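This report walks through a two-chain model. Sequence and structure come next, and the notes follow.

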Amino acid sequence: MTTDDDIKYDRSLLGVSNPLGQFQVTAQMILDFSESCGETNPVHSDEAKAKESEFGSLIAPPTFCNVFVNGLSRPDIKLEFGDIGFFAGQAIESLAPIRPGDTLNASTKLKEVYAKTGRSGKMVFAVWETSFSNQNDEDVARVQESYVRRNSRKK
Amino acid sequence: MNKELYFDDVEIGDDIGPVERTVNVEQVVRFLSVHQGRDIGTNRFTSEEAAQKEGLPGAIVPGAMNIAMMSTLLTGWSDTARLKKLDVVFRGMVPHNKTLKLAGIVTDKDVVDGEARLECDVFLENDEGTRLIIGNAIVLLPQR
């Protein structure tokens with residue numbers, strides 16, 4: 001039997017917050033994001049109609065913060081398992097509206113590392129959580145990403 | 001799109017979508033340019049050749065863009081729909097220039113902390129009916 005205690009990785013990284021910097025949000029970024037992914041809800045895609053909404057302005061689509069998460073380099077957790085890895089999943093939570101003119105601060109941390117046994121054998125998942133807050137220190141979004149490593153079947 | 005959809009009008013088991021999409025390289029470049037600027041270079045997301053060098057059959061849609069499209073299924077359901085949470089699992093790569101189907105179903109509804117919430121299962125599948133992305137979401141709607 002395998003327990004999570006058997007997984008070898010740099011446990012000192014668990015829960016440690018790593019600042020990722022600041023990101024400026026503009027109306028054009030929101031409109032470009034919306035158009036490229038086919039967003040039609042007017043609060044995300046139409047400045048005039050968004051002004052008449054309960055938000056009073058354009059707001060970013062729910063997964064907008066992903067553009068800042070994409071391609072981030074994170075600390076190497078030195079996981080001693082598997083020879084192939086891939087992106088397994090993502091969860092995005094909207095906590096407050098993101099508006100044009102906002103300055104977002106982002107930080108990321110290794111949330112958990114755990115093992116699971118599936119049809120292809122044992123897999124180890126590393127979950128990173130990235131949090132975004134605005135210039136008023138209000139939490140606006142939380143993004144969890146899961147990466148999995150396993151052994152290839154070539155042996 | 002339903003202009004004004006209310007929590008009271010939705011039943012468990014209601015369908016969301018389906019919506020059909022096709023993604024081309026120009027859309028991917030525009031998506032990636034939102035943060036990275038226009039000079040994003042060639043990679044598996046923007047170039048058939050670069051993708052094939054990595055052993056892929058062709059260029060693929062970035063994961064961040066896929067989840068953004070999944071989001072539009074829900075935000076595009078109604079002007080009044082607000083997506084609170086979206087949780088997805090990637091099961092396959094999403095190719096350029098192929099018809100994709102996005103759809104969902106309402107699995108539960110409840111009022112939590114004053115918020116009228118729907119829980120939904122969602123998926124994105126290719127033209128062969130293979131589900132490339134599956135997930136679940138929490139959508140907020142106004143009450144009458």
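## Strand pairing across the chains

Ile92(A) stands opposite Leu86(B), a residue of β2(B). Another bridge partnership links Gln90(A) with Val88(B) in β2(B). Strand β2 of chain A and strand β2 (residues 82-90) of chain B run antiparallel and are joined by five bridges. Strands pair here if DSSP finds at least two bridges between them. Helices (H or I, at least four residues) and strands (E, at least two) are DSSP runs, numbered from the N terminus.

β2(A), residues 84-94, also pairs within its own chain. Its partner there is β5(A), residues 139-150, in the antiparallel sense, over ten bridges. One facing pair is Gly85(A) and Arg149(A) of β5(A).

## Basis and confidence

The model is predicted: local features need pLDDT of at least 70, side-chain atom pairs count only at pLDDT 80 or more, and totals for chains, interfaces and linings use all residues. Residues are numbered from 1 along each chain as its sequence is written, while chains are lettered from A and ligands numbered from 1 in the order in which they are written.

pLDDT is the predictor's confidence in each residue, from 0 to 100. Chain A has a mean pLDDT of 90, and 95% of its residues reach 70 or more. Within chain A, confidence is highest in helix α2 (residues 42-45), at 96, and lowest in helix α4 (residues 66-69), at a mean of 86. Where pLDDT is low, the predicted coordinates should not be read in detail.

## Helix α1 of chain A

Ala27(A) belongs to helix α1(A), residues 27-37. Is Ala27(A) buried or exposed? Ala27(A) is partly exposed, because 15 other C-beta atoms lie within 10 Å. The cut-offs are 20 or more such atoms within 10 Å for buried, 12 or fewer for exposed, and partly exposed in between, with C-beta atoms placed from the backbone.

Beyond its neighbours within four places in sequence, Ala27(A) is in contact with Glu47(A), Leu58(A) and Pro100(A). Contact requires C-beta atoms, placed from the backbone, within 7 Å. Asp102(A) is 75 residues from Ala27(A) along the chain, yet their C-alpha atoms are separated by 9.9 Å.

The buried residues of α1(A) are Ile30(A), Phe33(A), Ser34(A), Ser36(A) and Cys37(A). Their cover includes α2 and α4 of chain A, together with α1 and α3 of chain B. Just after α1(A), Gly38(A) takes a positive phi of about 80°.

## Chain B: architecture and domains

Chain B has three helices and five strands. Along the sequence they follow the pattern β-α-α-α-β-β-β-β. The C-alpha atoms of chain B fill a box of roughly 55 × 35 × 25 Å, taken along the principal axes. Of its 144 residues, 36% count as buried. Among chain B contacts between residues at least 6 apart in sequence, 66% join residues at least 24 apart.

The domain assignment splits chain B into domain 1 (1-23 + 61-144) and domain 2 (24-59). Such bounds come from an automatic or database domain assignment. The C-alpha centres of these two domains lie 25 Å apart. Their contact takes nine residues from domain 1 and ten residues from domain 2. On the domain 1 side, six residues are nonpolar, three polar and none charged. Here Ala, Val, Leu, Ile, Met, Phe, Trp, Tyr, Cys and Pro count as nonpolar, Asp, Glu, Lys and Arg as charged, and the others, Gly among them, as polar.

## The interface between chains

Chain B gives 28 residues to the contact with chain A, and chain A gives 27 residues. On the chain B side, α1 (25-36), α3 (63-75) and β2 each supply at least two residues. α3(B) has the largest share, nine residues. The chain B side divides into 14 nonpolar, eight polar and six charged residues.

## Nonpolar cores

A nonpolar core is a set of buried Ala, Val, Leu, Ile, Met, Phe, Trp, Tyr and Cys residues joined through C-beta atoms within 7 Å. The largest has 62 residues; those with the most contacts inside it include Met65(B), Met70(B), Leu74(B) and Leu86(B). α3(B) gives the most to this core, with eight residues. Domain 1 and domain 2 of chain B both give residues to this core, so it lies between them.

Outside its neighbours within four places in sequence, Met65(B) is in contact with Cys37(A), Val28(B) and Phe31(B). Apart from the largest core lies another, of six residues, among them Ile7(A), Leu110(A), Val124(A) and Trp128(A).

Notes
Contact = placed C-beta atoms within 7 Å.
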